[in-house]
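Keep the sequence and the model side by side. The paragraphs below go from terms to whole chain, then to single sites.

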Amino acid sequence: MVTLAEVAQHAGVSASTVSYVLSGKRSISATTRQRVEESIRELGYHPNAGARALAGKRSNIIALMVPLRTDMYVPVMMEIAIAVATTARTHGYDVLLLTGEEGPDAVRRVTGSGLADAMILMDVELEDERLPLLRETYQPSVLIGLPADTTGLTCVDLDWTATGALCVEHLAGLGHRDIAVIGEAPAVYERHTGFAERTLDGLRARARAADLRVLHRPCEGGYDAMALTLSRIFDERPGTTGFVVQNESAVEPLLALLRQQGRAVPEDVSVVAICPDQVAVQASVRLTSVAIPAQEMGRHAVERLVAKLEGRDGDEVVLLAPELTVRASSGPAPAAP
């Protein structure tokens, strides 16, 4: 970690001058200020917020790392973030929101600068590059998501494996034998994002146990991408009568395309979505769905983190049980012709 003294040496000024540039407490010439600022940028120095509290006081800030990617459904991410912020305030903490795709660099910046007392990480991958740093740092942290190896970590998440299995169980119980899964954008699977991979694991395992056929196709979402994906599904599996959709932006295009093809929902085709309740109930056909408990996930993450900060809790994995709500989009499989 770069120190203030190293910045001073690099800029050819005293440490006090660097401090004054950072604090603004004294007037510094424009030339000197520019030289110091250039050294700060070049060396990657981050002022240590903890130095302002020599007695060991906390910043009372929680860093929330939310990489906002175009292939993710941002409303769910932000709902979790809002739940984190509101719950944190009830415990006397503010939230520092980090939205860039910096990976380990963001963890280093927070731990090295004393910007925050603790961290919550979202968009967790199975082999997440941030995790080795988390295991090495003294700062408490909680993941909203589940990596492949949870050793030494505290994680809060929906039980995505059980979610996938629950969707298959519902369709199997209605007599569907050929099921198509319309998944997230391909990049989500290329990153091995935990929630998407675990949902597939649950779907496939339950389908094998029930002797069902499952076809998984990632989809960018939107009408054109959905039209191409749906065409390919029916070309490969013309007998498909059940759909599981884990892609909010694909929901309405799918329903519209099925209508255009003369396939009635749920008389000809059943659709089960993994999505927020708001998406399910506002769709053109009210969707049978497994809800994403965004607020509950955010609240649990903060409560676990505060408990760790206060020395009341160790590492643990908290998985929220999925709940499926039956609505108008699922029904008995049509009789074979």
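Start with a cut-off: a residue counts as buried when its relative accessible area is under 20%, as exposed when it is over 50%, and as partly exposed in between. The model is a predicted one.

First, the whole chain. The secondary structure comes to 13 helices and twelve strands. The C-alpha atoms fill a box of roughly 85 × 45 × 30 Å along the principal axes. Of the 337 residues, 51% are buried. The chain exposes about 15,600 Å², and carbon and sulfur atoms supply 50% of that area. Contacts reach across the sequence: of those between residues at least 6 apart, 72% join residues at least 24 apart.

Now the charges. The chain has 32 positive and 43 negative charges, and their mean positions are 4 Å apart. Side chains of opposite charge can pair when their charged atoms come close. How many salt bridges does the structure hold? There are 14 salt bridges in the structure.

Take Asp-277 and Arg-327. Their side chains meet in a salt bridge, at 3.4 Å from N to O. Asp-277 lies in helix α12 (residues 277–282) and Arg-327 in the segment after β12 (324–325), so this pair ties together parts that are 50 residues apart in sequence. Is Arg-327 buried or exposed? Its relative accessible area is 17%. That value is under 20%, so Arg-327 counts as buried. Its partner Asp-277 has a relative accessible area of 37% and is partly exposed.

Next, Glu-169 and Arg-206. This pair also forms a salt bridge, with N and O at 3.2 Å. The two residues are 37 apart, and they link distant parts of the chain: Glu-169 is in helix α7 (residues 160–173) and Arg-206 is in helix α9 (residues 194–209). Glu-169 has 37% relative accessibility, so it counts as partly exposed. Arg-206, at 27%, counts as partly exposed too.

A third pair joins a helix and a strand. Glu-236 forms a salt bridge with Arg-217, and their closest N and O atoms are 2.7 Å apart. Glu-236 is in helix α10 (residues 223–236) and Arg-217 in strand β7 (residues 213–218), so the bridge ties together parts that are 19 residues apart in sequence. Glu-236 is partly exposed at 41% relative accessibility. Arg-217 is partly exposed as well, with a relative accessible area of 26%.

Salt bridges also join into a network. Its members are Arg-69, Asp-71, Asp-123, Glu-125 and Arg-191.

Turn to Asn-247. Where is Asn-247 found? It sits in the loop between β8 (242–245) and α11 (251–260). Its relative accessible area is 4%, so it counts as buried. The side chain reaches two backbone oxygens: that of Gly-183 at 3.0 Å, and that of Cys-219 at 2.7 Å. Leave aside neighbours within four places in sequence, and Asn-247 is in contact with Ile-182, Gly-183, Glu-184, Ala-185, Cys-219, Glu-220 and Gly-221.

Follow the chain into α11. This helix is mostly covered, with seven of its ten residues buried. The buried residues are Val-251, Pro-253, Leu-254, Leu-255, Ala-256, Leu-257 and Leu-258. What covers the buried residues of α11? The cover includes β6 (178–183), α10, β8, β9 (270–274) and α12. Two of these have come up already: α10 carries Glu-236, and α12 carries Asp-277.

Then look at the backbone beyond this helix. Gly-262, just after α11, takes a positive phi of about 75 degrees. Further on, the peptide bond from Val-265 to Pro-266 is cis, with omega near 10 degrees. Pro-266 lies in the loop between α11 and β9.

Two further backbone sites have positive phi without being glycine. Asn-60 has a phi of about 60 degrees. Its place is in the loop between α3 (30–43) and β1 (61–65). Asn-60 is partly exposed, with a relative accessible area of 35%. His-192 has a phi near 55 degrees. It lies in the loop between α8 (186–190) and α9. His-192 is partly exposed too, at 44%.

Terms used:
Residues are numbered from 1 along each chain as its sequence is written. This is a predicted model: local features need pLDDT of at least 70, side-chain atom pairs count only at pLDDT 80 or more; totals for chains, interfaces and linings use all residues. Side-chain values use heavy atoms; hydrogens and water are left out. A salt bridge is a side-chain nitrogen of Lys or Arg within 4 Å of a carboxyl oxygen of Asp or Glu. Helices (H or I, at least four residues) and strands (E, at least two) are DSSP runs, numbered from the N terminus. Buried means under 20% relative accessible area, exposed over 50%, partly exposed in between (1.4 Å probe, protein chains only). Contact means heavy atoms within 4.5 Å. Accessible areas come from the Shrake-Rupley method with a 1.4 Å probe; for residues, only the protein chains shown count as cover. Lys and Arg count as positive and Asp and Glu as negative; His and the chain ends are not counted. The place of a charge is taken as NZ of Lys, CZ of Arg, CG of Asp or CD of Glu. A polar contact is a pair of N or O atoms within 3.5 Å; within protein, one must be able to donate a hydrogen and the other to accept it, and residues adjacent in sequence count only if both atoms are side-chain atoms.
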